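These are my notes from a sitting with one model, kept in the order in which I looked things up. I began away from the ligands and came to them afterwards.

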Amino acid sequence: MNKPVHRPSENTQFAVRNDWSRSEVGQLFDLPFNDLLFHAQQVHRAHFDPNAVQVSTLLSIKTGGCPEDCNYCPQSVHFDTGLEPERLMDIEQVIDAARRARAAGASRFCMGAAWRNPKGKNFQRVLEMVERVRAEGLETCATLGMLDAAQAAALKQAGLDYYNHNLDTSPEFYGEIITTRTYDDRLDTLQHVRAAGINVCCGGIVGLGEARADRAGLLCELANLPEHPGSVPINRLVKVEGTPLEQEADIDALEFVRTIAVARILMPKSYVRLSAGRTEMSDEMQALCFLAGANSIFYGEKLLTTGNPDTARDDALFARLGLHRA
Ligand code: SAM
Ligand code: DTB
Ligand code: SF4
């Protein structure tokens, strides 16, 4: 008798899955670099135009004075980084910035506030900002800290397209970096955002001194959320003077590229955003990140409080690589 032949109904290499095991993710990280990039590029091409990059612009609408103690963050009150805390910006200033971002070619405008969670009149003002930015013809994104269900519903009602809230690192390493808000708090906020019908933007930060197993753990958590986040920002630590991580050793550039590649393979249909840290990256390193499946960036001279490449440098990089905006 012939042995039954196993014929998978689809190419399982490219399937969207939410049941990744840590060891599978670890094995991807451990692949020879060329095999990993080839795999990631195949997955990328199965779902996206390989030369298109989505462009978002950030604005810090409320800077500094944050009660949380995220070890990497220049905006925490727990560290003296010399940053002057500011109140929530006026709506008209935000709209001016959104118009400039649109004129420069951004498709999404992301408003960030250094809050544990939004409250009262300030939250009402943010809702108005969301409505007004959307009316300018931009996709809207906000990152305001923790949300409850009613706040998520109100943001949806105002027209919010994306909410950014990161898991940051693995559950095991998390306590080394943040003590004022738990991993479960973050998962709860993500649940409220999903339930409200807002697209989730959720990723993390690497170069905090975590092990490869923690990077695998972070990506495994992201990939096993009930739905893959629509966009997955991967930040490389920007070392800010006065933060506990200012002296942290640089993460190896190729290990960072591997992290992007594994994110691409685990979350085939998500936009993987090459986020903070690009100023310190060479063009060649960024090119490898795009080859590994990154297909989104923050565009504009500033992230929230730290620098980002000049738009002229990014325009030149896109031209050199033959990339175009998604
Ligand atoms: N305060 C809000 C919150 O944490 O929910 C939103 C803003 S917070 C600045 C968004 C993300 O930016 C963090 O989760 C972290 O991943 C990233 N980030 C903050 N400081 C950074 C730094 N110095 N270098 C790289 N990424 C950073
Ligand atoms: C994300 O993951 N990265 C962005 C955005 N979401 C809000 C913020 C990066 C912040 C880098 C440090 C700063 O400029 O303050
Ligand atoms: Fe506050 Fe966000 Fe910075 Fe943490 S990352 S200290 S929550 S602004």
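**Arg278 and its partner**

I looked up Arg278 to begin with, and found that its side chain makes a polar contact with the side chain of Asp314, at 2.8 Å. I keep in mind throughout that this is a predicted model. Arg278 is found in the loop between strand 8 and helix 10, and I asked myself whether Arg278 counts as buried or exposed. Its relative accessibility comes out at 0%, so I entered Arg278 as buried, the cut-off being under 20%.

**Two further loop residues**

I then went to Ser270, which lies in the loop between helix 9 (253-266) and strand 8 (271-274). With 2% relative accessibility, Ser270 counts as buried, and a polar atom of its side chain lies 2.7 Å from the backbone oxygen of Pro229.

Ala292 was my next entry, in the loop between helix 10 (283-291) and strand 9 (296-298). Ala292 has a relative accessibility of 0% and therefore counts as buried. I also checked Ala292 against Ala152: the two are 140 residues apart in sequence, and their C-alpha atoms are 33 Å apart in space.

**Asp168**

What is the phi of Asp168, and where in the chain does the residue have its place? I read a phi near 75°, a positive value in a residue other than glycine, and I noted it because most residues other than glycine have a negative phi. The place of Asp168 is in the loop between strand 4 (162-164) and helix 6 (171-174). Asp168 counts as buried because its relative accessibility is 4%, and a polar atom of its side chain lies 2.8 Å from an oxygen atom of ligand 1, which led me to that ligand.

**Ligand 1**

I found 15 residues surrounding ligand 1, of which the closest are Tyr72, Thr143, Asn166, Asp168 and Val238. Besides the Asp168 pair, I entered a polar side-chain atom of Asn166 at 3.1 Å from an oxygen atom of ligand 1, and a polar backbone atom of Val238 at 2.9 Å from a nitrogen atom of the ligand. Taken alone, ligand 1 exposes 560 Å², and the protein buries 89% of that. By class, the shell around ligand 1 divides into seven nonpolar, five polar and three charged residues. As for its site, ligand 1 sits in the largest cavity.

**Ligand 2**

I turned to ligand 2 and listed what surrounds it: Leu58, Pro74, Thr143, Asn164, Asn166, Pro233, Asn235, Phe298, Leu303, Leu304, Thr305 and Thr306. How do these shell residues divide among nonpolar, polar and charged? I counted six nonpolar and six polar, with no charged residue in the shell around ligand 2.

Among the polar pairs, a side-chain N or O atom of Asn164 is 3.1 Å from a nitrogen atom of ligand 2, while a polar side-chain atom of Asn235 lies 2.8 Å from an oxygen atom of the ligand. I added a polar backbone atom of Leu304, which is 3.0 Å from an oxygen atom of ligand 2. Taken alone, ligand 2 exposes 400 Å², of which the protein buries 89%. The space taken by ligand 2 is the largest cavity, and I had already written that ligand 1 sits in the largest cavity.

Key:
Residues are numbered from 1 along each chain as its sequence is written. Chains are lettered from A and ligands numbered from 1 in the order in which they are written. This is a predicted model: local features need pLDDT of at least 70, side-chain atom pairs count only at pLDDT 80 or more; totals for chains, interfaces and linings use all residues. Side-chain values use heavy atoms; hydrogens and water are left out. A residue is near a molecule or strand if one of its heavy atoms lies within 4 Å of it. A polar contact is a pair of N or O atoms within 3.5 Å; within protein, one must be able to donate a hydrogen and the other to accept it, and residues adjacent in sequence count only if both atoms are side-chain atoms. Accessible areas come from the Shrake-Rupley method with a 1.4 Å probe; for residues, only the protein chains shown count as cover. On a 1 Å grid over the protein atoms alone, a cavity is a set of points where a 1.4 Å probe fits but cannot get out, and a pocket is an open set with protein on both sides within 12 Å along at least five of seven lines; lining residues have an atom within 4 Å of a point. A molecule sits in a cavity or pocket if more than half of its atoms lie within 2 Å of its grid points. Ala, Val, Leu, Ile, Met, Phe, Trp, Tyr, Cys and Pro count as nonpolar, Asp, Glu, Lys and Arg as charged, and the others, Gly among them, as polar. Helices (H or I, at least four residues) and strands (E, at least two) are DSSP runs, numbered from the N terminus. Buried means under 20% relative accessible area, exposed over 50%, partly exposed in between (1.4 Å probe, protein chains only).
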